[in-house]
Amino acid sequence: MESPERFDAYVERVLYSPDGFYASGRGIAGRRGDFITSPEVGPLFGAVVARWLDSVWDELGQPADFRVIDAGTGPGTLLRSLRLAAPRCAEAWTLIGVDVAVDDVREGDGFTLQPELPDDLDGAIVIANELLDNVPFRWIEHTADGLRDVHVVDGAGAVGDVLAPDNVPAAVAEIPVGSSAPLLEQARTWVERVRANGAARVLVFDYGMLSTAELAQRGGWLRTYQGHGRSDDPFADPGRLDITTDIAVDQFPEPTTVLRQTEFLAAHGIDDLVAEGRAFWKANAAKPNLDAYRMRSRIGEAEALLDPDGLGSWLALEWAARAEE
């Protein structure tokens, strides 16, 4: 019998060890990968984020050194969309993609790729699209005996010893008996570290709910993905499937802004961009070129990005620099 392995250690190993899902390069976003995130829908998402970046650049006084970091960049789709959008702040930005599958610092398609976030984030803008759901998390069951961590033993889940309530955040400790919830210690630490290292803004997109209690009541917060198929069995094919969790806002430092993705996109001009796309297509439909087809695609992209039962329901969380709180 194997020694018990706490669930967050298991997630760390099967996702991020050298042969893990992400570190090995097997975990790929996109139509030919295992899952599609908002940037892979098309360039419209990046065009809206580019508008947000312009607004932040203006708020910060249009600094000449404007680092934009995409944490968990994968193939760099978001960064390419930002370049295509060519916002005003592009005259000052340096684009950086961070991903564990990158071995060393290297140049990408107009941006730098590196394996880790810089220690000095002074003034940087850090974007994390569907990253926090992949940060290793604990799995807490509230049994009749008390709160227990799920461990992995011989390839299956097993509850561990009863935990002292004082060792569990209240948001998790108060879930009802018979329910379970993720404990997002490492994800919270990630946000705190990025802000402590000087980031001027942190923008997170991810699936989740406002409270841990809501996640526990609804259930289904543990998600796995493989070849665009979703299940809830994290032990089915270790190292060959993605293991994720819905996030709960009440386990993080209080964000400056909490929106749904539909609200964020609307606030930063998605309707204007779609109208522009329609008009461009109408003017060029008789003799369409690549630009015309790209502009027409905004209509379908917007439908996917704003879907209230899908990507539109994702959270958009923003943290300002600590000095601005």
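I began with Arg201, which I located in strand 11, residues 201–206, of this predicted model. I looked up its accessibility and found Arg201 buried, with a relative accessible area of 4%. I then searched for a partner of its side chain and noted a polar contact of 3.4 Å with the side chain of Glu318.

**Nonpolar cores**

I next listed the nonpolar cores. The largest has 44 residues, and Phe7, Leu132 and Trp190 have the most contacts inside it. I asked which element supplies the largest share of this core. Helix 1, residues 7–16, does, with five residues. For Trp190 I set aside neighbours within four places in sequence; the contacts that remain are Ala71, Leu117, Val126, Ala128, Leu131, Leu132 and Val202. Apart from this core lies another, of 40 residues, among them Ala47, Val48, Ala200 and Leu305. I recorded the general background as well: in soluble globular proteins, nonpolar side chains tend to be buried together.

**Helix 3**

I turned to helix 3, residues 44–59, and checked its length. At 1.5 Å a residue, its 16 residues should span 22 Å, and I read 23 Å between the end C-alpha atoms, which agrees. I asked whether helix 3 is mostly covered or uncovered. It is mostly covered, since twelve of its 16 residues fall under the 20% cut-off for buried. The buried residues include Phe45, Val49, Trp52, Leu53, Asp54 and Trp57. I found Asp54 again in a network of salt bridges with Asp58 and Arg88. Just after the helix, Gly61 takes a positive phi of about 85 degrees.

**Positive phi outside glycine**

I looked for positive phi in residues other than glycine and noted Ala86, with phi near 50 degrees. Ala86 sits in the loop between helix 4 (77–85) and strand 3 (93–98). Its relative accessible area is 54%, so I entered Ala86 as exposed. Glu130 likewise has a positive phi near 50 degrees. I placed Glu130 in the loop between strand 6 (125–129) and strand 7 (138–143). At 13% relative accessibility, Glu130 counts as buried.

**Salt bridges**

I counted 16 salt bridges and examined several pairs.

Glu185 and Arg138 meet through their side chains at 2.9 Å, N to O. Glu185 lies in helix 6 (residues 185–196) and Arg138 in strand 7, so the pair ties together parts that are 47 residues apart in sequence. I found Glu185 partly exposed, with a relative accessible area of 33%, whereas Arg138 is buried at 7%.

Asp246 and Arg218 form a salt bridge of 3.2 Å, N to O. This pair links distant parts of the chain, 28 residues apart: Asp246 is in the loop between strand 15 (242–245) and strand 16 (247–248), and Arg218 is in helix 7 (residues 212–218). I read a relative accessible area of 1% for Asp246, which is therefore buried. Arg218 is partly exposed at 42%.

Arg298 and Glu276 form a salt bridge of 2.8 Å, N to O. Here the pair links helix 10 (residues 290–305), which holds Arg298, to helix 9 (residues 270–284), which holds Glu276; the two residues are 22 residues apart. I entered Arg298 as buried at 14% relative accessibility and Glu276 as partly exposed at 42%.

How values were computed:
Residues are numbered from 1 along each chain as its sequence is written. This is a predicted model: local features need pLDDT of at least 70, side-chain atom pairs count only at pLDDT 80 or more; totals for chains, interfaces and linings use all residues. Side-chain values use heavy atoms; hydrogens and water are left out. Helices (H or I, at least four residues) and strands (E, at least two) are DSSP runs, numbered from the N terminus. Buried means under 20% relative accessible area, exposed over 50%, partly exposed in between (1.4 Å probe, protein chains only). The expected span of a helix is 1.5 Å times one less than its number of residues. A polar contact is a pair of N or O atoms within 3.5 Å; within protein, one must be able to donate a hydrogen and the other to accept it, and residues adjacent in sequence count only if both atoms are side-chain atoms. A nonpolar core is a set of buried Ala, Val, Leu, Ile, Met, Phe, Trp, Tyr and Cys residues joined through side-chain atoms within 4.5 Å. Contact means heavy atoms within 4.5 Å. A salt bridge is a side-chain nitrogen of Lys or Arg within 4 Å of a carboxyl oxygen of Asp or Glu.
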